[in-house]
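This report is written for someone meeting the structure for the first time. Please look over the sequence and the model, then read on.

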Amino acid sequence: MSDRLFIFDTTLRDGEQVPGCQLNTVEKIEVAKALEELGVDVIEAGFPVSSPGDFNSVVEISKAVTWPTICALTRAVEKDIIVAAEALQYAKHKRIHTGIGTSDYHIRYKFNSTREEILERAVACVKCAKKYVEDVQFYAEDAGRTDNEYLARVIQAVVNAGATVVNIPDTTGYCLPSEFGAKIKYLMEHVDGIHKVTIATHCHNDLGMATANTMSGVINGARQAEVTINGIGERAGNTSLEEIVMICRSHKDLGIDTNINSTKLCGVSRLVSNLMNMPVQPNKAIVGRNAFAHSSGIHQDGVLKNRESYEIIDPKDVGVDENSIVLTARSGRAALKHRMHVLGIELDKDALDKAYEAFLKLADRKKEINDDDVLMLAGQHHRANHRIKLQYLQVTSGVGLQSVASVGLDIAGEKFEACASGNGPVDAAISAIKVIIRRTMQVKEFLIQAINKGSNDIGKVHITVEHEGQQYYGFSANTDIIAASAEAFIDAINKFVR
Ligand code: KIV
Ligand code: ZN
């Protein structure tokens, strides 16, 4: 029998902290339910004291999810812990995740404190959390750069104070796998009672070693891996869930396994990528578009003769639908619905009807509709509830001509029109929209990406707009990149014009 490795998913906390990845509560519940179906053991649902939105999300996820433990993050601060306990009130299984920085960098520069004082604060926060919940996880922030002897003293003290899980984060992604594994081994050998608690790893990917460090920690005794879907997270991200799960499953010799239903991995990966507007790099292990695509003739020949000559994982085991139907203008609504289901998207009848209508228009312009196109179509129904909608856009531009745009907007049922010129077609379209909206706002970031290849491709536009000191994010995708830019701008404006 394999030893169980508990999967602690922090997509909705460490992952959601990334600029541009913010989700609303409804979207977070959708992700939490998908994580529950995937079989994760713990969902870190947020940092309740950080904002009313985070607090509310922890409350609603606690109500919506049954099996996984719901975890809320705090600093080593009494108020944070009280607020986290309140946010967790409806969770069937609850955990408070509290802790403090233990490296000399954190002790000296972040806290202007001493090792002894930090040790006392660590014990105090665990004791405080224990008043509210039985299951208390302690994190030693920047444990990766913390001296092992001092780290063991802190961990010993919090274990004595009642911590049930001790989290050893490599916060800066600095450690080498051998070093990180040795750290876990040191704790296993120097902390009394360590076998009665769970050691967790929480590795960041700044040097591309998050997965290797996590596995090294697991091989040396850690039994909880803190991970995110697609490896999203602060800076270069966190350890990716799908990689850890499939490493354990592929290396049966390790004798370690998780509770994850791996056939759902690709669906959840796409759901998260779609909701967070965070594309998965095509060559990403396990869930990237090219992870199982053999392009060289030699590989194709080898795979056709015997799959195992070039593949160590059966694509079906991670939910890659090899018989995926290529959607074209002749595909029916049922085929679109099936493809969406495979991608983890369920639309109600009205939304599906609208998506199908948009699908037919797109299929007229593109020969084949692929998964990224389908995800884009599924996102379009969100726009139906917007207060401001783009009615029409006409742009004249060309070499030696000044770009001029005419725009029609529908604002809560009323029609407005405006014309403006600009130093290019996007600038002209945005200026015309500004003439109608009349708010002080500034485009801070603007990014156009192609989804696939080819001149008939869809362009995705990510935009950040500043209004009254706050930044608002907008997104759209369209085969017409000027239209996508105007729509993304309007998407952002809808977030502050109510
Ligand atoms: O990276 C880190 O150290 C963290 C802790 C808050 C667990 O995210
Ligand atoms: Zn982190």
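R438 is found in the loop that runs between helix 16 (425-437) and strand 14 (442-450). The model is a predicted one. In this model R438 has a positive phi of about 55 degrees, although R438 is not a glycine. Is R438 buried or exposed? R438 has a relative accessible area of 69%, and because the cut-off for exposed is over 50%, R438 counts as exposed.

I286 also has a positive phi, of about 70 degrees, and is not a glycine either. The loop that holds I286 lies between helix 11 (265-275) and helix 12 (297-305). The relative accessibility of I286 is 11%; buried means under 20%, so I286 counts as buried.

**Domains and cores**

The domain assignment of the protein chain gives domain 1 (6-275), domain 2 (292-320), domain 3 (324-382) and domain 4 (388-493). Between the C-alpha centres of domain 1 and domain 4 there are 40 Å.

How many residues does the largest nonpolar core have? The largest nonpolar core has 92 residues, and F138 and I155 are those with the most contacts inside it. At least three residues of this core come from domain 1 (6-275), and at least three come from domain 2 (292-320). There is also a second, separate core of 29 residues, which includes A432, I437, I463 and A492. As a general background, nonpolar side chains in soluble globular proteins tend to be buried together.

**The surroundings of ligand 1**

Which residues surround ligand 1? They are R13, D14, H97, Y139, E141, N167, P169, T171, H202 and H204. By class, the residues of this shell divide into 2 nonpolar, 5 polar and 3 charged.

Among the residues of the shell, D14, T171 and H204 each place a polar side-chain atom at a listed distance from an oxygen atom of ligand 1. The table gives these distances.

| Residue | Partner | Distance |
|---|---|---|
| D14, polar side-chain atom | oxygen atom of ligand 1 | 3.2 Å |
| T171, side-chain N or O atom | oxygen atom of ligand 1 | 2.7 Å |
| H204, side-chain N or O atom | oxygen atom of ligand 1 | 3.0 Å |

On its own, ligand 1 has 260 Å² of accessible area, and the protein covers 93% of this. Which elements give two or more residues to the shell around ligand 1? These elements are helix 1 (11-15), strand 6 (136-141) and strand 7 (165-170).

**T11 in helix 1**

T11 lies in helix 1. The side chains of T11 and D9 are joined by a polar contact of 2.8 Å. A polar atom of the T11 side chain also lies 3.0 Å from the backbone nitrogen of I229. Is T11 buried or exposed? T11 has a relative accessible area of 0%; since buried means under 20%, T11 is buried.

**Residues apart in sequence**

P48 has its place in the loop between strand 3 (42-46) and helix 3 (52-64). P48 is 33 residues from I81 in sequence, and in space the two are 9.1 Å apart, C-alpha to C-alpha. With a relative accessible area of 2%, P48 is buried.

H190 belongs to helix 8 (residues 177-190). Along the chain, H190 and R153 are 37 residues apart, while 8.8 Å separates their C-alpha atoms. How accessible is H190, and what does H190 count as? The relative accessibility of H190 is 43%; this value falls between the cut-offs of 20% and 50%, so H190 counts as partly exposed.

R121 is placed in helix 6 (residues 115-130). The C-alpha atoms of R121 and G99 are separated by 8.7 Å, and the two residues are 22 residues apart along the chain. At 34% relative accessibility, R121 counts as partly exposed.

Definitions and conventions. Residues are numbered from 1 along each chain as its sequence is written. Chains are lettered from A and ligands numbered from 1 in the order in which they are written. This is a predicted model: local features need pLDDT of at least 70, side-chain atom pairs count only at pLDDT 80 or more; totals for chains, interfaces and linings use all residues. Side-chain values use heavy atoms; hydrogens and water are left out. A nonpolar core is a set of buried Ala, Val, Leu, Ile, Met, Phe, Trp, Tyr and Cys residues joined through side-chain atoms within 4.5 Å. Buried means under 20% relative accessible area, exposed over 50%, partly exposed in between (1.4 Å probe, protein chains only). Domain bounds come from an automatic or database domain assignment. A residue is near a molecule or strand if one of its heavy atoms lies within 4 Å of it. A polar contact is a pair of N or O atoms within 3.5 Å; within protein, one must be able to donate a hydrogen and the other to accept it, and residues adjacent in sequence count only if both atoms are side-chain atoms. Accessible areas come from the Shrake-Rupley method with a 1.4 Å probe; for residues, only the protein chains shown count as cover. Helices (H or I, at least four residues) and strands (E, at least two) are DSSP runs, numbered from the N terminus. Ala, Val, Leu, Ile, Met, Phe, Trp, Tyr, Cys and Pro count as nonpolar, Asp, Glu, Lys and Arg as charged, and the others, Gly among them, as polar.
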